[in-house]
Structure formats: C-alpha cells, structure tokens
Amino acid sequence: MLLTLTISNVVLIDHLELAFKDGLCVLTGETGAGKSILLDSLGLALGARAESRLVRQGADKASVSAVFAPAAGHPVFAFLEEHDITLEDDTLVFRRVVNADGRSRAYLNDLPVSANLLRQAGDLLVEVQGQFEQRGLLDQSNHRNLLDAVSHTDPLVRELSGIWDQWRAAVKERKSADEKLAQAQREETFLRHALEELDALSPVERELGELVTQRQFMMHSEKLISAMNASIVDLTGDNGVGGAENALVDALRHLGNVADRAGDKLKPVIDALDRASFEIQDALAGLQSLSQDLDIDPSRLQEIEERYFLYQDLARKHRVEPETLPQLRDEIATQLDLIDTGNAHLEKLDKRCEETRKLYALTAEKLSQARHRKALELDAEINAELPPLKLERATFKTEIENLEEDQWSRQGWDQVSFLVATNSGSAPGPLGKIASGGELARFLLALKVVMAKVSPIGCLVFDEVDAGIGGATAHAVGERLSRLAGERQILVITHSPQVAAKGSHHLKVAKSSDGNQTTTTVFTLSPEDRREEVARMLSGAEITNEARAAADSLLG
C-alpha cells in the first residue's frame, strides 16, 4: 500500500507531506483546486513522463517521493531482484526530481535507476483508473493472464509451459539435424577424402605434445651425450686419474689417518665427505646409464619429424589448431555417419516432435476449456454489477479466440479480450475504444470488484469514477468502492457526496492566494469537517442546515 506522498514545487504545490491509510481514501475539493496535480505528482514518482510545466514557477526543480509497503511475497520484489536491486527492508521509496528545463532523475530507495524501470515497478504496485489515462485492464495483453488468475489455472499454465519448451527443443533439434544433413550431403566427397587423410594419420589426444618433446630431445641428443660424457670425465678424471671422485677418496684417506688423534671433532667432516662420495657415485651411475640408453637412431628422428609435420599440414588445410585434429576427425566421421543413417535419425526426431506437439495440444485444449468455463462465470458476475452503475443497457463479454499455430506460445493457443457493448444490439468492442470516459471508469470498477481477490496490485486510484452520475447510481459506485477497499487500498477523487460519504479517510484539496502566489494545500478532515465538506458537495457554495442533515444521513 501507499504510505506517504511528499511533493515539493509541483505546479501550485509548494510543499506537501500526505500520509495514507488502508481502506477507502476520498479526495474532494472544488474544480480547479488542484486534485489532478496530486495524480500528476504520483504518476511522476512512478515513472511517468517528466515535463518542465510541472515545476512550480520560480523554482529550479520539483521533486516527488512515494513510499510503499508491499505485502510479503509481492511480485515487485522478484522484479527488483531480477534487476539486481537489493533491498534492506520491505519498504520501497520511489523518488523523481525534475529540473526546470524538463530533465529528470529517478531513484528507487536512493539508488539511481531509469524512469522506465521506475514505471515498470510502479505498475506492479499502483493502478490508476481515470477518464483520460488507464492502465492494467485496458491493456489487451493482460487479459489472458487476468482470466487465468481468476480461473486458478496457474498449475495448468506451468505444465503447458514445460511441454512447450520440450516441443520447441525437439523442433530446434530436428531443424538443426536437417541442416547438418543437407550440409554433409553437399560436402560428402570432401568429407570422405578428409577422413581418409585423417585416418592415415590416426591422430591421438595429446600425442602432438609428446612428439614435440621427443623431437626436441633427439635433435639435441649429440650435445646431450657430449655434455654427459664431459661430466663423467670431470667426476672420474682422465683414464681414472684425478677427478672429483678420486679427490674425495684421497681426502677421506688423509683424514682417516689422523681421525683418532682429533677425537670427535673431525667426525662431521668425514661423514659429510662420505655422503658426498656416495652422491657422486649415484650421479655417475645415472649419467652412464642415460648415456647408454639414449636413442639417437636417425631413422627414428625422421619418423617423428614426418608425423609432426603431417599434423601441421593437416591443421593448416582444415584451418584448425594441430591439437584439435582428433576432435575434427570424430566430427567428420559423425557427419558422414549422419549421411549414412540420416533419414532414420530424422524420422526419430520427427516422431519426437509429433509426440510433444500432441501432448501440447492435449494440455492446451484442457486449459482452453477451463478458460471458456470461467469466462462465462466472469461475464455473468460483471454483467450483474453493471445495472446499479447506470450501465443497464451495456454488456460485458470475454472473447476467446483460437490462434493460428504460428502464434501459439507457452501460455496456450487462446487470445483473450475483454469486450463491451454500451447499447443493446451494438457490436462489442475493446473497452478503451467503445466506452466513454465515465462509462469506462464504471466498467473498470465493475471488473475490479469482481477481480479484486486475484490482483497483486495493492493500491487502486480512481479519478472521478462518478463523472456524470448521481443519486442511486453514485451510491452504488460508493458502495462498490467501499467493498473493493476491503481487499486493497483505494484512493478516489470524487465530486459525488454519495461516494465521499463511503470513505474511511477524507482529504480535502483547496487552493488559496495571497495576491502574489496561488498555492494548493491538502487537509485531513476531522469528522465535523468532513460533515461540512459533504454538505458543501450537496448544496454548493452556501451550506444549509438541510444540507448538513443530508450529510449526516449519508455519513450514517
């Protein structure tokens, strides 16, 4: 629900802070007092188009803030999460700032956002029904969802949506397979030759890396052997004379001759020389073994190089990396297999497409039947609401049209439209095109009364829903607004005392002037002030005792 509306420097409003409660809130005031400015301000906060005319004369900018407290689990929270907007609590603050040049900025909980996002979020919270601007029920694209909501067919819609995804996936796979088969058939000669070349190579995963390593090793094998032989000589000496190994042996012999005279002081040194001697012996054994085992067969090097360059040549030919030749070989084999077994594969996919289509059609028919049944009930309920609203010659009809297959969707094959005829015998047409301003507001009121329990929108605003009516009809409008307010918050701008008397809260819009500047203000009326306002609405400029008595009667 809407908690507060703060307006600064908008047209005739200097500064206003309005608090709203649940239930039916009526706003009254003389014509021209500025009631429409309140609607313009609320619309601005909810993302409506910003215009420089909204900025109060002499001010450099106008600003409006609207604070909402949606119910737990309201769709607006999921919407904001989809747009990566994190909330610290469940309160939403919509704010709009408009400069005198018409440029504007939009904020949601003090986070800069686009006006479009602000409008989309606002559409989930507030619906304005007036003579000149309506949203929600007038949008034909919403009618199917609204009918499904009152039909309680959401589980069936979700089931159909899942089947639709399976069917579309099957159709997509069938189309892809057909395109691949056609392409493979066009390239069959090339593919078979390419497969022969690749099979001649028989590429293996990670083999190329091993070839590179072996090739580099063998290309440098002579240098390796020379270096290892030189290392052996350095360690053993020429013809076994000299070298590191013999030097260690001599050092150990010299120290051994005097070790008993030094006590334990030479023991760490002798132990270290012993370990070094063993390490050198191990190193010599490794070098000698590796030198003997090193394969420098020229024919082996030639074999490795031929295979290495064949990898490179085939990779250049097919414009791929050499390492991917094994995968390329498998892909080509798959394409050729598709040629050989393609028709059988396509027949299998055709069968799958047909099975999922039949399942879709069966479920869509069940959903359509449920919609038709509920449409009859909905029409009867809404048509029963029309006579008391002075629409006794009007009729409401929910039209369900079967779409062509290329227009089917995950929501089924039905197109739903809410149509009205305002006179007996006239052809029904769309709500917004057939009904006049006053009639339209009352049609929408009838729809809202019937659909109140399923709509997630918590705040409805009616602008002069009572235009052109009075007496019993106005009383009926007020009674229905009051009934609707039992389900959600209702704000209504009215000139009807019968409607105003039904409000649980009453705000009066007034305009005053100090000779230099005109200002619109809003007052929350006490019970006594409210009696006077209803009496004014009944009698006009001069409030009589008879008008006050009539006001008491209306207020109960």
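This section describes two sheets, the helices packed on them, a helix pair and a cavity in a predicted model.

Strands of a sheet pair through backbone hydrogen bonds, either parallel or antiparallel. In the open sheet of 6 strands, the pairing is antiparallel. The strand order is β2-β1-β4-β5-β6-β7. The edges are taken by β2 (13–19) and β7 (111–113). Each of these has a single partner strand, so one side of each is left without a neighbour in the sheet. From one strand to the next, the twist averages 15°.

Several pairings in this sheet can be followed strand by strand. Strand β4 (residues 61–68) is joined to strand β5 (residues 92–99) by 8 bridges. The two run antiparallel. Ser 63 stands opposite Val 97 in β5. On β5, 5 bridges lead to strand β6 (residues 104–108), again in an antiparallel arrangement. Here Arg 95 faces Tyr 107 of β6 as its opposite residue. The hairpin of β5 and β6 has 4 residues between the strands. In that hairpin, Gly 102 takes a positive phi near 95°. The next pair, β6 and β7, is antiparallel over 3 bridges. Leu 108 has Leu 111 in β7 as its bridge partner. Between β6 and β7 the hairpin has 2 residues. Asn 109 takes a positive phi near 50° in this hairpin.

Helix α1 lies across four strands of the sheet, namely β1, β2, β4 and β5. Its direction runs at about 105° to β1. Angles of 65 to 115 degrees count as roughly perpendicular, so α1, at about 105°, is roughly perpendicular to β1.

Both α1 and β1 also contribute to a cavity. Rolling a probe the size of a water molecule over the atoms shows where empty space is left. The structure holds 1 cavity of 30 Å³ or more. The largest cavity has a volume of about 100 Å³. Its lining consists of Leu 2, Leu 5, Phe 20, Leu 27, Leu 38, Leu 39, Leu 42, Val 461, Leu 491 and Ile 493. Two or more of the lining residues come from each of β1 (2–10), α1 (35–45) and β13 (489–493). The largest share, 3 residues, is that of α1. By class, the lining of the largest cavity has 10 nonpolar residues, no polar and no charged ones.

A helix pair is considered next. Helix α2 (residues 75–82) and helix α3 (residues 115–123) have axes that come within 9 Å. The axes cross at roughly 155°. The helices α2 and α3 are therefore roughly antiparallel to each other. On the α2 side, the contact is made by Val 76, Phe 79 and Leu 80. On the α3 side, Leu 117, Gln 120 and Ala 121 take part. The contact of α2 with α3 counts 5 nonpolar residues, 1 polar residue and no charged residues.

Another open sheet has 3 strands in the order β9-β10-β11. Its pairing is antiparallel. The edge strands are β9 (395–402) and β11 (429–430). Each has a single partner strand, so one side of each is left without a neighbour in the sheet. Strand β10 (residues 414–421) pairs with β11 over 2 bridges, in the antiparallel sense. Val 420 stands opposite Gly 429 in β11. Helix α4 (residues 143–151) packs on this sheet and touches β9 and β10. The direction of α4 makes about 95° with that of β10.

Terms used: Residues numbered from 1 in each chain as written. Predicted model: local features only at pLDDT ≥ 70, side-chain atom pairs only at ≥ 80, totals over all residues. Heavy atoms only, no water. Axes fitted to C-alpha atoms, helices over the stretch in contact; angles between N-to-C directions. Parallel < 35°, antiparallel > 145°, perpendicular 65-115°, else oblique. Contact = heavy atoms within 4.5 Å. Nonpolar A, V, L, I, M, F, W, Y, C, P; charged D, E, K, R; others polar. 1 Å grid on protein atoms, 1.4 Å probe; cavity = no way out; pocket = protein on both sides within 12 Å on 5 of 7 lines; lining within 4 Å. Points joined across faces, edges and corners; volume = space filled by probe spheres on them. Pairing = 2+ DSSP bridges.
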